[in-house]
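Please look over the sequence and the structure shown below before reading on. The report is written for a reader who is meeting such a description early in their studies.

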Amino acid sequence: MAKKKELGYHARTTLFLLMGYVLFMLVLTVVFRPMIIANLENGGYRQKASLYFSTLWKEEKDTYACALYSIDGPRIRDLEVKKGFTDDKHMMLEALLGGPDEDDLAAGLITYIPERTRLIGISEKNNICFVSLSERFLDSPDTGKAVTQIKETLNNAYPHLRVAVMVGKEIIG
């Protein structure tokens, strides 16, 4: 008759710890479930995820009002950008960073924001919108006018906002 082989000490300990971990995580999930669901709802993550997945394979574009320069100063023009899954402020700036299209260039509209400038992030606190851009932004021929383009673009849609443009940890304007 064959003997039953018992688990060794280390295998029993590992199994016990694993089952304890699973039970502990289950209890945490049950206890904090309402808080987790509330944060998902309030943060808009569900809407962002549904928008992202609904537009994932489409080549649709959105149009946003952006500030471009003419001889007379900044003018608001509609620029297109590929549909994204972020908020309107982010998409407006992405459209602005994409630069003017051929029709706007033919009409004499330009941008002072250098090509390949990237939007690092946008945050908002106490009615101040902090726009963080890549180091490439500092290569602008006129940084003041480039900052004005960003401010005019956001203030056109959100007149109550104050805008602070940052490169790294330094506020440019």
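The sections below go from the whole chain to its strands, its helices and two single residues.

## The chain as a whole

The model described here is a predicted one, and its chain contains 5 helices and 6 strands. When the chain is read along the sequence, these elements follow one another in the pattern α-α-β-β-α-α-β-β-α-β-β.

Of the 173 residues in the chain, 27% are buried. If one takes the contacts between residues at least 6 apart in sequence, 53% of them join residues that are at least 24 apart.

## The hairpin of S1 and S2

Strands of a sheet pair through backbone hydrogen bonds, and the pairing may be either parallel or antiparallel. Strand S1, which covers residues 61–70, pairs with strand S2, residues 73–82, in the antiparallel sense, and 10 bridges link the two. The connection from S1 to S2 is a hairpin of 2 residues, and within this pair Ala65 stands opposite Asp78 of S2.

## The sheet of four strands

An open sheet is built from 4 strands in the order S3-S4-S5-S6, and its pairing is mixed. Its edge strands are S3 (119–125) and S6 (170–171), each of which pairs on one side only.

Between S3 and strand S4 (residues 128–133) the pairing is antiparallel and extends over 6 bridges. As an example of this pairing, Leu119 has Leu133 in S4 as its bridge partner. Helix H3 lies across S3 and S4, and its direction runs at about 145 degrees to S3. Helix H5 also packs on the sheet, where it touches S4 and strand S5 (162–167), and its direction makes about 140 degrees with that of S5.

## How H3 and H5 meet

Two packed helices are described by the angle between their axes and by the distance between those axes. For H3 (residues 88–98) and H5 (residues 143–157), the axes come within 10 Å and cross at roughly 140 degrees. Why are H3 and H5 called oblique to each other? Angles over 145 degrees count as roughly antiparallel and those from 65 to 115 as roughly perpendicular, whereas the crossing is at roughly 140 degrees, and H3 and H5 are therefore oblique.

The crossing of H3 and H5 is right-handed. On the side of H3 the contact is made by Lys89, Met92, Leu93 and Leu96, while H5 contributes Gln149, Ile150, Thr153, Leu154 and Ala157. Sorted by character, the residues of this contact are 6 nonpolar, 2 polar and 1 charged.

## Two single residues

Is Asp104 buried or exposed? Asp104, which lies in helix H4 (residues 102–106), has a relative accessibility of 3% and so counts as buried, since buried means under 20%. Leaving aside neighbours within four places in sequence, Asp104 is in contact with Leu68, Arg77, Asp78, Leu79 and Leu109. Among these contacts is Asp78, the residue of S2 that stands opposite Ala65.

Gly168 lies in the loop between S5 and S6, and with a relative accessible area of 39% Gly168 is partly exposed. Although Gly168 and Ser132 are 36 residues apart along the chain, their C-alpha atoms are separated by 7.1 Å. When residues up to four places away in sequence are not counted, Gly168 touches Ser132 and Leu133, and Leu133 is also the bridge partner of Leu119.

Key: Residues are numbered from 1 along each chain as its sequence is written. This is a predicted model: local features need pLDDT of at least 70, side-chain atom pairs count only at pLDDT 80 or more; totals for chains, interfaces and linings use all residues. Side-chain values use heavy atoms; hydrogens and water are left out. Axes are lines fitted to C-alpha atoms, for helices over the stretch in contact, and angles run from 0 to 180 degrees between N-to-C directions. Angles under 35 degrees count as roughly parallel, over 145 as roughly antiparallel, 65 to 115 as roughly perpendicular and the rest as oblique. A crossing is left-handed if the near helix is turned anticlockwise from the far one by less than a right angle, and right-handed if clockwise. Contact means heavy atoms within 4.5 Å. Ala, Val, Leu, Ile, Met, Phe, Trp, Tyr, Cys and Pro count as nonpolar, Asp, Glu, Lys and Arg as charged, and the others, Gly among them, as polar. Two strands pair if DSSP finds at least two bridges between them. Buried means under 20% relative accessible area, exposed over 50%, partly exposed in between (1.4 Å probe, protein chains only).
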